[in-house]
Amino acid sequence: MGLSAGLVRFIGLAEVAATGGLIIGLFWQPLGIAAALGFTITMIGAVAFHAKAGDYADPATRGNAMAPVILTAVSVATAVTLGG
């Protein structure tokens with residue numbers, strides 16, 4: 001289940017943009033909320049990819065595959081906190 005080089009670059013750029021948006025979002029909340037929601041969508045895609053690859057069923061890869069699950073929860077909490 002290899003990903004193309006272009007898709008890997010796109011995902012990396014999306015993650016870097018989300019990081020910048022979250023940092024700027026500390027000062028301008030609308031951007032922080034948008035960045036958190038965008039990062040949530042990226043992490044949901046990562047969870048789906050790991051599930052399709054069978055990483056959650058394999059004890060050897062389950063630990064690393066849990067990172068997107070945790071980051072999804074954190075990004076949703078961030079969006080809710082900034083929006084409230």
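The crossing of H1 and H2 is left-handed, a term used when the near helix is turned anticlockwise from the far one by less than a right angle, clockwise being right-handed. Helices here are DSSP runs of H or I with at least four residues, strands are runs of E with at least two, and both are numbered from the N terminus. This is a predicted model, in which local features need pLDDT of at least 70 and side-chain atom pairs count only at pLDDT 80 or more, while totals for chains, interfaces and linings use all residues. Residues are numbered from 1 along each chain as its sequence is written, and side-chain values use heavy atoms, with hydrogens and water left out.

Two packed helices are described by the angle between their axes and the distance between the axes. The axes are lines fitted to C-alpha atoms, for helices over the stretch in contact, and the angles run from 0 to 180 degrees between N-to-C directions. The table sets out the two helix pairs.

| Pair | Angle | Axis distance | Crossing |
|---|---|---|---|
| H1 and H2 | about 150° | 7 Å | left-handed |
| H2 and H3 | roughly 160° | within 8 Å | left-handed |

With H1 and H2 packed at about 150°, H1 is roughly antiparallel to H2, where angles over 145 degrees count as roughly antiparallel, under 35 as roughly parallel, 65 to 115 as roughly perpendicular and the rest as oblique. H2 and H3 are likewise roughly antiparallel to each other.

Contact means heavy atoms within 4.5 Å. On the H1 side of the first pair, the residues that meet H2 include Ala14, Ala18, Gly21 and Leu22, and among their partners in H2 are Gly32, Ala35, Ala36 and Phe39. In the second pair, the residues of H2 that meet H3 include Gly32, Ala36, Phe39, Thr40 and Met43, while those on the H3 side include Ala65, Pro68, Thr72 and Ser75.

Helix H2 covers residues 29-53, and its 25 residues should span 36 Å at 1.5 Å a residue, which agrees with the 36 Å between its end C-alpha atoms; the expected span is 1.5 Å times one less than the number of residues. Buried residues, meaning those under 20% relative accessible area (exposed is over 50%, partly exposed in between, with a 1.4 Å probe and protein chains only), are in H2 Gly32, Ala35, Ala36, Phe39, Thr40, Met43, Ala46 and His50. These buried residues of H2 pack against H1 and H3. Just after H2, Gly54 takes a positive phi of about 80°.

Helix H3, residues 59-83, reaches 37 Å from its first C-alpha to its last, close to the 36 Å expected for 25 residues. Its path has a kink of about 30° at Ala65, shortly before the proline Pro68, the bend being the angle between axes fitted to the seven residues ending at a residue and the seven starting there. Ala65 and Pro68 are also among the buried residues of H3, together with Thr72, Ser75, Ala79 and Leu82, and what covers these buried residues includes H1 and H2. Thr61, which also lies in H3, is partly exposed, with a relative accessible area of 28%.

Taken as a whole, the protein has three helices and zero strands, and its C-alpha atoms fill a box of roughly 40 × 25 × 15 Å along the principal axes. Buried residues make up 21% of its 84 residues. Of the contacts with a separation of 6 or more, 53% are between residues 24 or more positions apart.
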